[in-house]
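Let's take a walk through this model together, one element at a time. Keep the structure open beside you as you read.

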Amino acid sequence: MVEERANALAAAFLMPRSGVRIALRRLDRGPPNRRDHAVFFAASGGHIEAARRAPPHSQRITHKDNAMPAHHFGVS
């Protein structure tokens, strides 16, 4: 029980939120599920709107995904 509290304290105070977000983004986890795009055409000056969705379950964060930022910040 003491070790669990120590791990929670380390995660809360030693792993900056922005660093965890960057690490998850590098793993292609955590960005918005839907990304909107606009494709512009130089010749006509027009554009097309498009949206891309991430595949199902592709953003699920696993224990391996959690271990990478923890290792980077030196916490268990």
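Which residue in β2 does Ala 38 stand opposite? The partner of Ala 38 there is Glu 49. Before going further, please keep in mind that this is a predicted model, in which local features need pLDDT of at least 70 and side-chain atom pairs count only at pLDDT 80 or more, while totals for chains, interfaces and linings use all residues. Residues are numbered from 1 along each chain as its sequence is written, and side-chain values use heavy atoms, with hydrogens and water left out.

Let's stay with the strands for a moment. Strand β1 covers residues 34-40 and strand β2 covers residues 47-53; the two run antiparallel and are joined by 7 bridges. Strands here are DSSP runs of E with at least two residues, helices are runs of H or I with at least four, and both are numbered from the N terminus. Two strands pair if DSSP finds at least two bridges between them. Another facing pair in this hairpin is Arg 35 with Arg 52 in β2. Between the strands there are 6 residues, and in this hairpin Gly 45 takes a positive phi near 80°.

Ala 51 is a good place to pause in strand β2. Its relative accessibility is 45%, so Ala 51 counts as partly exposed. That class lies between buried (under 20% relative accessible area) and exposed (over 50%), with a 1.4 Å probe and protein chains only. Leaving aside neighbours within four places in sequence, Ala 51 is in contact with Arg 34, Arg 35 and Asp 36, where contact means heavy atoms within 4.5 Å. Ser 76 is 25 residues from Ala 51 along the chain, and their C-alpha atoms are separated by 38 Å.

Now let's turn to the helices, beginning with α1 (residues 2-14), where Leu 9 is found. Leu 9, Phe 13 and Leu 14 form a nonpolar patch on the surface, and together they have about 360 Å² of accessible area. Ala 10 also has its place in helix α1. With a relative accessibility of 15%, Ala 10 counts as buried. Apart from neighbours within four places in sequence, Ala 10 is in contact with Met 15 and Val 75. The C-alpha atoms of Ala 10 and Val 75 are separated by 6.2 Å, although these residues are 65 apart along the chain.

Helix α2 spans residues 17-26, and its buried residues are Gly 19, Ala 23 and Leu 24. Seen down the axis of α2, these fall within an arc of 135°, so they line one face of the helix. The arc is that of the directions from the helix axis to the C-beta atoms. Arg 17 and Arg 25 are exposed on the other side of α2. After α2 comes Asp 28, with a positive phi near 60°.

What do the buried residues of α2 pack against? They pack against α3 (63-73). For α3, the buried residues are Asp 65, Pro 69 and Ala 70. Around the axis they cover an arc of only 130°, which puts them on the same side of α3. These buried residues of α3 in turn pack against α2. On the other side of α3, His 63, Lys 64 and His 71 are exposed. Just after α3, Gly 74 takes a positive phi of about 75°.

A last word on terms: patches are made of residues with over 30% relative accessible area and no salt bridge, joining like charges within 9 Å and nonpolar side chains (Val, Leu, Ile, Met, Phe, Trp, Tyr) within 5 Å. A salt bridge is a side-chain nitrogen of Lys or Arg within 4 Å of a carboxyl oxygen of Asp or Glu. Accessible areas come from the Shrake-Rupley method with a 1.4 Å probe, and for residues only the protein chains shown count as cover.
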